[in-house]
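Dear colleague,

Please find the structure below, handed over for your review. My findings follow it.

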Amino acid sequence: MGRRLPTANPEAINFKLPPGGKEVYRTDEYEDFNMNHKADWFKAIREGHHRPAVDIEIAHRTATLCNLGNLSYVLGRKLVWNGDKQQVMGDTEANRLLAKPQRYPYVL
């Protein structure tokens with residue numbers, strides 16, 4: 001029997017837009033949220049002009065937030081993030097831990 005992937009939480013599925021909120025684009029082709037996410041991505045590839053609901057900028061910001069939360073937990077202290085510079089302000093140790101060390105000559 002095939003593995004069934006979990007769907008989104010009921011709170012996310014039944015979300016009601018608050019007054020003054022802005023409705024964002026999303027596709028509801030499938031019952032499974034993950035399949036809708038994939039379908040939207042494939043549509044963006046096929047059509048070219050369509051920007052996916054969760055594009056690379058949103059994905060980067062989401063991943064950064066998760067990484068900073070984990071880093072703050074590991075270091076046991078509050079971190080102040082500068083999004084323009086993509087650095088933790090005044091914390092050399094935290095900045096060093098943002099990426100793996102690079103091996104010469106393979107550096108960016």
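Which residue follows H2, and what is the sign of its phi? H2 is followed by Gly-48, with a positive phi near 75 degrees.

This is a predicted model, in which local features need pLDDT of at least 70 and side-chain atom pairs count only at pLDDT 80 or more, while totals for chains, interfaces and linings use all residues. Residues are numbered from 1 along each chain as its sequence is written, and side-chain values use heavy atoms, with hydrogens and water left out.

Helix H2 (helices being DSSP runs of H or I, at least four residues, numbered from the N terminus) comprises the 15 residues 33-47. Its end C-alpha atoms are 21 Å apart, which agrees with the 21 Å expected at 1.5 Å a residue (1.5 Å times one less than the number of residues).

At the start of H2, the backbone nitrogen of Asn-34 has a side-chain oxygen of Asp-32 within 2.7 Å.

Buried in H2 are Asn-36, Ala-39, Asp-40 and Ala-44 (buried means under 20% relative accessible area, exposed over 50%, partly exposed in between, with a 1.4 Å probe and protein chains only). Because they cover an arc of only 140 degrees around the axis, they lie on the same side of H2; the arc is that of the directions from the helix axis to the C-beta atoms. Ile-45 and Arg-46 are exposed, on the face turned away from the buried side of H2.

The count comes to 1 aromatic pair (ring centres of Phe, Tyr and Trp, the last by its six-membered ring, within 6.5 Å; planes under 30 degrees apart are stacked, over 60 edge-to-face and the rest tilted). Trp-41 and Phe-42 form this tilted pair, at 5.2 Å centre to centre and 50 degrees between the planes. Trp-41 is partly exposed at 48% relative accessible area, and Phe-42 is partly exposed at 41%.

Yours sincerely

How values were computed. Helix = DSSP H or I, 4+ residues; strand = E, 2+ residues; numbered from the N terminus. Polar contact = N/O pair within 3.5 Å; in protein donor to acceptor, adjacent residues only side chain to side chain.
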